[in-house]
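Please work through the exercises below with the sequence and the model open side by side. Each task is followed by a solution that goes step by step.

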Amino acid sequence: MISDAAFEAGAAGAPAVGLTEDGQTALPAWLVAQQTCESGTVTCTFDGAGNPLDLGREARLFTPRQRIALAGRDGGCRWRGCDRPASYCEAHHIDPYATGGRTDVDRGILLCRFHHMELHHGGWRITRDGRADFVLHPPPGRGDPVILPPRLTLRRLWADLDPPPPRFRPAA
């Protein structure tokens, strides 16, 4: 099933692709176009660094469209080593909303429920300088900060390939 995330070619000439919601599998543009009539799309344009449009609002919770943008950028839980897809994740404010943090895509990150609770109750924190990588900071004495790389970079780059030729099996 095609996700609500569809990507257009950006200024850098990136190919148009679509993503499945759970597996974050990149689909070529020809397949997205074929399925659009039945499932619809939501357009999200990314900059050259892979950051989605700013869809932020002064609201407590991330909107469905912001969550689509986060899913397109993050590909699921960004915690190191976690493989949970975007549909299993919650949008986390890296700047606490209660202390003036904004509900902007740039200031949000997807985390599965387990890691979201680990972050809030285990003394962890996530920071980001502008649009640089997210950095996971462990509690004092538990190691060094870790960069949380996006999960979809290579899948987006190679998604507009033609379908493979049919495979033939030798007659039995």
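**Exercise 1: a threonine in a loop**

Task: decide whether T103 counts as buried or exposed.

Solution: At 1% relative accessibility, T103 counts as buried, since the term buried means under 20% relative accessible area, exposed means over 50%, and partly exposed lies in between (1.4 Å probe, protein chains only). Next, locate T103 in the loop between β5 (89-93) and β6 (108-112), where helices (H or I, at least four residues) and strands (E, at least two) are DSSP runs, numbered from the N terminus. Finally, look at the side chain of T103, which makes a polar contact with the side chain of H93 at 3.0 Å; such a contact is a pair of N or O atoms within 3.5 Å, and within protein one must be able to donate a hydrogen and the other to accept it, while residues adjacent in sequence count only if both atoms are side-chain atoms.

This is a predicted model, in which local features need pLDDT of at least 70 and side-chain atom pairs count only at pLDDT 80 or more, whereas totals for chains, interfaces and linings use all residues. Residues are numbered from 1 along each chain as its sequence is written, and side-chain values use heavy atoms, with hydrogens and water left out.

**Exercise 2: confidence along the chain**

Task: find where in the protein chain confidence is lowest and where it is highest.

Solution: Begin with the mean pLDDT of the protein chain (the predictor's confidence in each residue, from 0 to 100), which is 74, with 62% of the residues reaching 70 or more. Confidence is lowest in strand β1 (residues 5-7), at a mean of 39, and highest in strand β8 (residues 134-137), at 95. Over residues 1-12 the pLDDT is below 50, although this stretch has 35 contacts in the model beyond near neighbours in sequence, a contact being heavy atoms within 4.5 Å.

**Exercise 3: an open sheet**

Task: establish the order of the 3 strands in the open sheet and explain which of them stand at the edges.

Solution: The order is β7-β8-β9, with antiparallel pairing; two strands pair if DSSP finds at least two bridges between them. Because β7 (125-128) and β9 (146-148) each have a single partner strand, they stand at the edges, and one side of each is left without a neighbour in the sheet. Turning to the pair β8 and β9, 3 bridges join them, and L136 has V146 in β9 as its bridge partner. I147 also lies in strand β9, and this residue touches D133, F134 and V135, not counting residues up to four places away in sequence.
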